[in-house]
Amino acid sequence: MTSPDQHPTDWEEVARVHGRRIYSYAYRLTGNPDDASDLSQEVLLRVRKGLAGYTPGSFEAWLWRITHNTFVDEYRRRKRRPTVPLPEQPDRMVRAASPPADEVLASIRLGDDVQKALLDLPEDFRAPVVMCDVVGLSYAEIAEALGVPVGTVRSRIHRGRARLRERLG
Amino acid sequence: MSATDHLGELLSAYLDGEVTTDESVTIRGHLADCESCRGDLGDVMEARAAVRALPLLEPPAFLLPAVEQPAVGRWYVPVAAAVVVVVLAVGLLLGRPTPVTTDDVTVPHTELTARAQAMNGVQP
């Protein structure tokens with residue numbers, strides 16, 4: 001993670017360093033690659049505008065507050081019906097190892113099930129779960145990004161995981 | 001937390017390392033005696049692991065030009081460098097003093113004649 005004193009100074013660096021996590025967050029929340037692209041693009045535009053006035057602090061919290069607010073503002077406003085997620089092509093995965101083909105196919109099917117289960121979660125649960133387990137933020141950073149107390153984050157993550165477990169069977 | 005309370009949302013916080021040292025000790029003590037909470041812990045561990053196993057996704061190339069085309073690799077960088085080299089070279093050629101050649105060292109013909117006659121001991 002970027003320390004408070006080492007925040008990126010231009011949006012291209014933000015895209016380079018955080019782009020995969022931003023896009024993955026958007027995709028996991030929307031289940032739609034087009035919406036994920038649009039949201040990510042809007043996030044980077046807002047980052048470019050906001051960097052000039054950025055005051056040193058928690059860059060992670062700042063970035064993910066922008067990211068989540070973009071989701072709230074844009075995605076909810078022109079919400080498309082979540083589509084059945086496309087199978088994740090192995091060549092699009094960042095964690096590109098070379099497991100046997102049957103393991104790859106099994107992981108894709110499992111990933112699709114998990115994605116569907118995520119989309120079934122209420123947004124209030126989905127966002128903190130994805131921020132924690134996909135993006136890798138701390139509870140404090142999630143709380144700042146979502147504008148809620150840490151105790152609320154803890155509760156939502158736990159309830160979200162409990163529901164996911166029920167959905168996944 | 002009383003002895004009869006179950007751990008509830010503390011379980012996820014415990015898994016995520018988001019509890020204090022004292023809470024962690026209490027939680028481990030409770031788990032040792034509570035089968036129900038051990039079951040709940042297993043459930044949230046499975047859900048947590050499933051989401052964490054999702055891969056990070058590669059964004060579309062158009063979205064992150066800096067990723068696909070790092071600044072040093074952009075087409076205009078070598079072109080711009082070549083232009084700078086050409087401009088500098090032309091500037092140097094045009095701006096430097098005219099090269100000195102033997103043709104430029106002109107001595108009046110009469111002087112040459114006088115020098116030759118002097119060397120040969122002939123009075124002009």
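How much area does chain B expose, and what share of it do carbon and sulfur atoms supply? Keep that in mind as you open the structure, which is a predicted model.

**Stop 1: chain B.** Select chain B and switch to a cartoon view. Chain B exposes about 8,600 Å², and carbon and sulfur atoms supply 63% of that area. Now look for helices: you'll find 6 of them, and 0 strands. Walk along the sequence and the pattern reads α-α-α-α-α-α. Next, colour chain B by burial. Of its 124 residues, 24% are buried. If you show contacts between residues with a separation of 6 or more, 45% of them in chain B link residues 24 or more positions apart.

**Stop 2: A:R126.** Hop over to chain A and select helix α5, residues 123-135; A:R126 sits in this helix. Show its side chain. A:R126 is buried but has no salt bridge. Why not? A salt bridge needs the charged atoms within 4 Å, and the nearest side chain of opposite charge, A:E123, is 4.7 Å away. What does the side chain of A:R126 reach instead? Try the backbone oxygen of A:L121, at 3.1 Å. Then select the residues around A:R126: leaving out those up to four places away in sequence, A:R126 touches A:R28, A:L29, A:L118, A:L119 and A:L121.

**Stop 3: confidence in chain A.** Finally, colour chain A by pLDDT. The average is 82, and 77% of the residues score at least 70. Now select residues 89-97 of chain A, where the pLDDT is below 50. Beyond near neighbours in sequence, this stretch has 19 contacts in the model.

Conventions: Residues are numbered from 1 along each chain as its sequence is written. Chains are lettered from A and ligands numbered from 1 in the order in which they are written. This is a predicted model: local features need pLDDT of at least 70, side-chain atom pairs count only at pLDDT 80 or more; totals for chains, interfaces and linings use all residues. Side-chain values use heavy atoms; hydrogens and water are left out. Helices (H or I, at least four residues) and strands (E, at least two) are DSSP runs, numbered from the N terminus. Buried means under 20% relative accessible area, exposed over 50%, partly exposed in between (1.4 Å probe, protein chains only). Contact means heavy atoms within 4.5 Å. Accessible areas come from the Shrake-Rupley method with a 1.4 Å probe; for residues, only the protein chains shown count as cover. Lys and Arg count as positive and Asp and Glu as negative; His and the chain ends are not counted. A polar contact is a pair of N or O atoms within 3.5 Å; within protein, one must be able to donate a hydrogen and the other to accept it, and residues adjacent in sequence count only if both atoms are side-chain atoms. pLDDT is the predictor's confidence in each residue, from 0 to 100.
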